[in-house]
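The following paragraphs lead the reader through one protein chain, from its overall dimensions to its interior and then to a few points of backbone geometry. Please keep the sequence and the model in view while reading.

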Amino acid sequence: MVTTPLKTEKRLSLQTQEIAPQTTVIRSLDWDRDRFDIEFGLQNGTTYNSYLIQADKVALVDSSHAKFRETYLALLTGLIDPQKIDYLVISHTEPDHSGLVKDILQLNPKITVVASKVALQFLDNFVHLPFERLQVKNGDRLELGQGHILEFVSAPNLHWPDTMLTYDHHTQILFTCDVFGMHYCSEALFDEDLSKIEPDYRFYYDCLMGPNARSVLAAMKRMDELGEIKLVANGHGPLLRHHVTELLTRYRSWSQSQAKAEKSAVIFYIADYGYSDRLSQAIARGITKTGVAVEMMDLSSAEAQEVQEVVNRSTALIVGMPPLTGEKLKEITPNMATILAAANNQQWIGLYESYGGNDEPIDPLLTKFRELGLKPAFAPIKIKQTPTENIYQLCEESGTDLGQALVQSSKIKQLKSLDNELEKAIGRLSGGLYIITAKKGDLSSAMLASWVAQASFDPPGFTVAVAKDRAIESLLQVGDRFVLNILEEGNYQPLMKHFLKRFPPGADRFAGVKIQTATNGSPILTDALAYLECEVVSRLECSDHWIVYSQVSNGRVSNPDALTAVHHRKVGNYY
Ligand code: FEO
């Protein structure tokens, strides 16, 4: 293995190694990737993985991010004379994988780009160069010689509509780009240490793939036809070699549980316009937290039939604003007309601006949907500046509000169906009264908690159960820091009342509350009896809650004579 550190302000390095006969990985290691996409929430950096297959014909599978331009190209040209590259296989056109396509084509204009129909359309829009092309569809094969036969697998919506996977029948490697990836940067090339990577693997799935669960299952069904997969050569994080079956099975079971949801929402976005893609992901994440299934559809590449079918099967429609003029508008106009024609008065509607510089105004479109009888699920999301973390939080919380509105009636029915004696018995489980407060970057949140229990002496730790659809859940990922504020018997009402309020999406939970700042950056409630500064160590999925185990580094009691407020309940089917 060769590792080449680069002298830049941000830590960037490259790594290359042969992973199978005639097959070499080039990993661009981005140790300090900023968190501007929601799937980077765990802040462990990321990698961009590219692959070179040197058989009789030479194929490069994906490239790298433009920030690695000089070094990646130097390394690539050290491995192979660019004039010898026959094919550039493009799995997906987002710039973290295709950022150097133009540079590679400039080095050798004779290279044939191999990609899906949609990927070729997207490439034309940003490469602005004529290039040789081979459009492939599911099941198509390409022979490279020496036994290497590439077979392409259509995987639309993972994570863009352009995505395809590539299977080499000789090495039994599946090249997957975003799919089965994770934002985890380390020198470890493979997945030998599962416990280290699994929180990132899950978080990445939840953000990027969960909203496309049905598409994940469809792509995995196609993968089943390929034969044994010995290695998953993904586009982000360590490659999967030691736990391939386990990690693929997780995708399948997470997707099955998302896809079986009774209600679903569709988000219409425009993959390559403004921030439509990122904002739609944040809304989708908020919706999936409530157990409602989401389908994402790119308005510029979807067929009218698909649009009509997805509108017909969805309880809620969310639409990112398209541009007001230009070529993109022409691509999108027929699909917008189909949405309006297929929408019905039993549905909910949510609109958000794309911040693409030329967005159609949001209010007239909302008026049209209202006239058709659709109910607004959240206030239109209007964006006046480059989206910040707060805007993404607003999107996520708006999505959660929408999801909660959709499942409200079935939740009430479910609660009523519990056995009366059983629910009274469970109600005898008691807890204390606590408020969890967290701050991460510009984001902050809080939640009243009662299901808290000490779980370890050394180091001191406890668990707290957090409902999956709580806004603060996003700030309680492994490695996140927060404060547990312990409320005082006889003196908890004002704080409890404040934090029990239903806050609108994006609202400041701390307005009007006395706070101080803990050493870990989270708010301490001045009127609480005691506080503990904590860090999340692990999370256990328990049906509708996450059990979050955290270790405590610091704490203080303000009134040693006071007792903790106790929360007694009569029934166990709500808090
Ligand atoms: Fe890693 Fe969707 O790009």
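Of the 575 residues in the chain, 57% are buried. These values, like those that follow, come from a predicted model. The surface that the chain exposes amounts to about 24300 Å², and carbon and sulfur atoms supply 51% of that area. Charge is carried by 57 positive and 70 negative groups, whose mean positions lie 5 Å apart.

The secondary structure consists of 14 helices and 29 strands. The chain is as compact as a globular protein of its length, because its radius of gyration, 25 Å, is close to the 25 Å that the globule rule gives for 575 residues. Measured out along the principal axes, the C-alpha trace spans about 80 × 60 × 45 Å. Contacts across the sequence can be described in a similar way: among those between residues at least 6 apart, 71% join residues at least 24 apart.

The interior comes next. In soluble globular proteins, nonpolar side chains tend to be buried together. In this chain the largest nonpolar core contains 31 residues, and those with the most contacts inside it are Phe180, Met209, Met223, Leu240, Leu248 and Tyr251. Two or more residues of this core are given by each of β11 (164-168), α5 (194-209), α6 (213-223) and α7 (244-259). The largest share belongs to α5, which provides seven residues. Leu240 may serve as a point from which to view these surroundings. When neighbours within four places in sequence are set aside, Leu240 is in contact with Phe180, Met182, Asp191, Tyr201, Lys230, Leu231, Val232, Asn234, Leu247 and Leu248. Two residues in that list, Phe180 and Leu248, are also named among the core residues with the most contacts.

Helix α10, which covers residues 327-342, offers a view of the surface, and Ala341 lies in it. Is Ala341 buried or exposed? Its relative accessibility is 68%, so Ala341 counts as exposed, the cut-off for that class being over 50%. Ala341 and Leu372 are 31 residues apart along the chain, and their C-alpha atoms are separated by 9.4 Å.

The backbone itself deserves attention at several loops. Most residues other than glycine have a negative phi, and most peptide bonds are trans. Against that background, Leu158 and His159 are joined by a cis peptide bond, with omega about 5 degrees. His159 is found in the loop between β10 (148-154) and β11, and β11 is one of the elements that contribute to the core described above. A cis peptide bond also runs from Asp458 to Pro459, where omega is near 0 degrees. Pro459 has its place in the loop between β22 (452-456) and β23 (461-467).

Positive phi values occur at residues other than glycine, including Asp62, with phi near 65 degrees, and Ser543, with phi near 55 degrees. Asp62 belongs to the loop between β5 (58-61) and α1 (69-79), whereas Ser543 lies in the loop between β27 (530-542) and β28 (545-557). Which of the two classes, buried or exposed, applies to Asp62? With a relative accessible area of 3%, Asp62 is buried, since the limit for a buried residue is under 20%. Ser543, at 61% relative accessibility, counts as exposed.

Terms used: Residues are numbered from 1 along each chain as its sequence is written. Side-chain values use heavy atoms; hydrogens and water are left out. A nonpolar core is a set of buried Ala, Val, Leu, Ile, Met, Phe, Trp, Tyr and Cys residues joined through side-chain atoms within 4.5 Å. Buried means under 20% relative accessible area, exposed over 50%, partly exposed in between (1.4 Å probe, protein chains only). Helices (H or I, at least four residues) and strands (E, at least two) are DSSP runs, numbered from the N terminus. Contact means heavy atoms within 4.5 Å. The radius of gyration is taken over C-alpha atoms; the globule rule is 2.2 Å times the number of residues to the power 0.38. Accessible areas come from the Shrake-Rupley method with a 1.4 Å probe; for residues, only the protein chains shown count as cover. Lys and Arg count as positive and Asp and Glu as negative; His and the chain ends are not counted. The place of a charge is taken as NZ of Lys, CZ of Arg, CG of Asp or CD of Glu.
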